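Please open the model in your viewer and keep the sequence beside it, so that each stop on this tour can be selected by residue number. The tour visits charged pairs and then aromatic rings.

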Amino acid sequence: MRSPRRCSRNGCPRQAVATLTYVYNESTAVVGPLAAFAEPHTYDLCEPHARSLTAPRGWDVVRHEGEFEPPPPTTDDLVALAEAVREAARPVTPRPPEDDQNHPSPHTGRRGHLRVIPPNH
């Protein structure tokens, strides 16, 4: 399941509810509702960081008036959750016992896609 977008501020674990966009040619920082998709040149912010954002001297801040709402779960999130539940409910098939032919000596064996090779004596 896709995890909710987090605040872009370093060390902030909160869920993002707003998007910050800088309009450089107008020296403006725009804080609005969370964008539908994460964009490369925008920043997702939690409510405390969205409300307390300040801009450099000479810049304007345009801020969304009203409440910042967390985004509702998307259909993708619900489908991923249903798939995870189905996968967890599937019975585990037991592995067949290992064959002695696969391990000619006690110092040689296989670990997934890797093979253990005994050291030269």
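Counting salt bridges in this predicted model gives two.

For the first stop, select Asp44 and Arg5, which form a salt bridge whose closest N and O atoms are 2.8 Å apart. This pair links distant parts of the chain, since Asp44 belongs to strand S3 (residues 42-45) while Arg5 sits in the segment before strand S1 (18-23), 39 residues apart. With a surface display you can look at how each partner is covered: Asp44 has a relative accessible area of 8% and is therefore buried, the limit being under 20%, whereas Arg5, at 22%, is partly exposed.

Next, select Arg51 and Glu47, another salt bridge, in which the closest N and O atoms are 3.4 Å apart. Both residues lie in helix H1 (residues 47-52), and because they are four residues apart there, about one helical turn separates them. Arg51 is partly exposed at 34% relative accessibility, and Glu47 is likewise partly exposed, with a relative accessible area of 27%.

From the helix, move to Glu26, which is found in the loop between S1 and strand S2 (28-33). Is Glu26 buried or exposed? Its relative accessibility is 56%, so Glu26 counts as exposed. If you also select Asp60, you can draw a C-alpha to C-alpha distance of 8.5 Å between Glu26 and Asp60, although they are 34 residues apart in sequence.

Now turn to the aromatic rings, where a search of the whole structure finds four pairs. Select Tyr22 and Trp59: their ring centres are 5.9 Å apart and their planes stand at 85°, so this pair is edge-to-face. Tyr22 lies in strand S1 and Trp59 in the loop between H1 and strand S4 (60-63), so the pair ties together parts that are 37 residues apart in sequence. Tyr22 is partly exposed at 26% relative accessibility, and Trp59 is partly exposed with a relative accessible area of 23%.

Keep Trp59 selected and add Tyr24, whose ring has its centre 5.8 Å from that of Trp59, with the planes at 85°, so this pair is edge-to-face. Here again distant parts of the chain are linked, Tyr24 being in the loop between S1 and S2 and Trp59 in the loop between H1 and S4, 35 residues apart. Tyr24 itself counts as exposed, at 60% relative accessibility.

For the last stop, add Tyr43 to the selection, and you will have one aromatic cluster on screen, formed by Tyr22, Tyr24, Tyr43 and Trp59.

Notes:
Residues are numbered from 1 along each chain as its sequence is written. This is a predicted model: local features need pLDDT of at least 70, side-chain atom pairs count only at pLDDT 80 or more; totals for chains, interfaces and linings use all residues. Side-chain values use heavy atoms; hydrogens and water are left out. A salt bridge is a side-chain nitrogen of Lys or Arg within 4 Å of a carboxyl oxygen of Asp or Glu. Helices (H or I, at least four residues) and strands (E, at least two) are DSSP runs, numbered from the N terminus. Buried means under 20% relative accessible area, exposed over 50%, partly exposed in between (1.4 Å probe, protein chains only). Rings of Phe, Tyr and Trp (its six-membered ring) pair if their centres lie within 6.5 Å; planes under 30 degrees apart count as stacked, over 60 as edge-to-face and the rest as tilted.
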